[in-house]
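Q: Could you take one part of this model and walk me through it closely? I'd like the cut-offs spelled out as you go.

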Amino acid sequence: MSEILNFHFDVDGDDFTSAGQASIQIKKSLRRLGLDPETIRRVSIAMYEGEINMVIHASGGTADVNVSESYIEIILKDQGPGIKDINQAMQEGFSTAHDQIRSLGFGAGMGLPNMKRYTDDMKIESTVGVGTTVTMRINI
């Protein structure tokens, strides 16, 4: 694969049942490309956690995945409330999810830490009241 393959997904923020569809689709695409199962697993987990965060906190957003010979880049963008304190948000167990979300089994404060754990590089850019962009890279 000499060129970079691009995949784009819209993440619906109004429907928890559709959350994770982009990660399912990219998992299938990466399998068809013949990538190793561990790389696919890492991408799938990072994507899923990001999608759930966009549904919980930002009413959805977009996910773009760029696949090259040496890495996979995931760019998640939303126009949600933004993250007030990124360092605090990166702490395992910290969550701003409402009780209703927690009652559904989401919002345990592991999304961002898991995204970082399963990627080789992660950058968060966020402006309160404007939105958040998370860029992750997984080396192949």
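**A close look at helix 1**

A: In helix 1, the buried residues (under 20% relative accessible area, 1.4 Å probe, protein chains only) are Ala22, Ser23, Ile26, Ser29 and Leu30. Look down the axis and they fall within an arc of 125°, so they line one face of the helix; that arc is taken from the directions from the helix axis to the C-beta atoms. Turned away from this side are Arg31 and Arg32, both exposed, meaning over 50% on that scale.

Quick word on where this comes from: it's a predicted model, with local features needing pLDDT of at least 70, side-chain atom pairs counting only at pLDDT 80 or more, and totals for chains, interfaces and linings using all residues. Numbering runs from 1 along each chain as its sequence is written, and side-chain values use heavy atoms, with hydrogens and water left out.

Helices here are DSSP runs (H or I, at least four residues), as are strands (E, at least two), numbered from the N terminus. Helix 1 has 12 residues, which should span 16 Å at 1.5 Å a residue (times one less than the number of residues), and its end C-alpha atoms sit 17 Å apart, which agrees. Right after the helix comes Gly34, with a positive phi near 85°.

What do the buried residues pack against? Their partners are strand 1, helix 2, strand 2 and strand 3. Met47 shows this side too: leaving aside neighbours within four places in sequence, its contacts (heavy atoms within 4.5 Å) include Ala22, Ser23 and Ile26, along with Phe9, Ala63, Val65 and Ile74.
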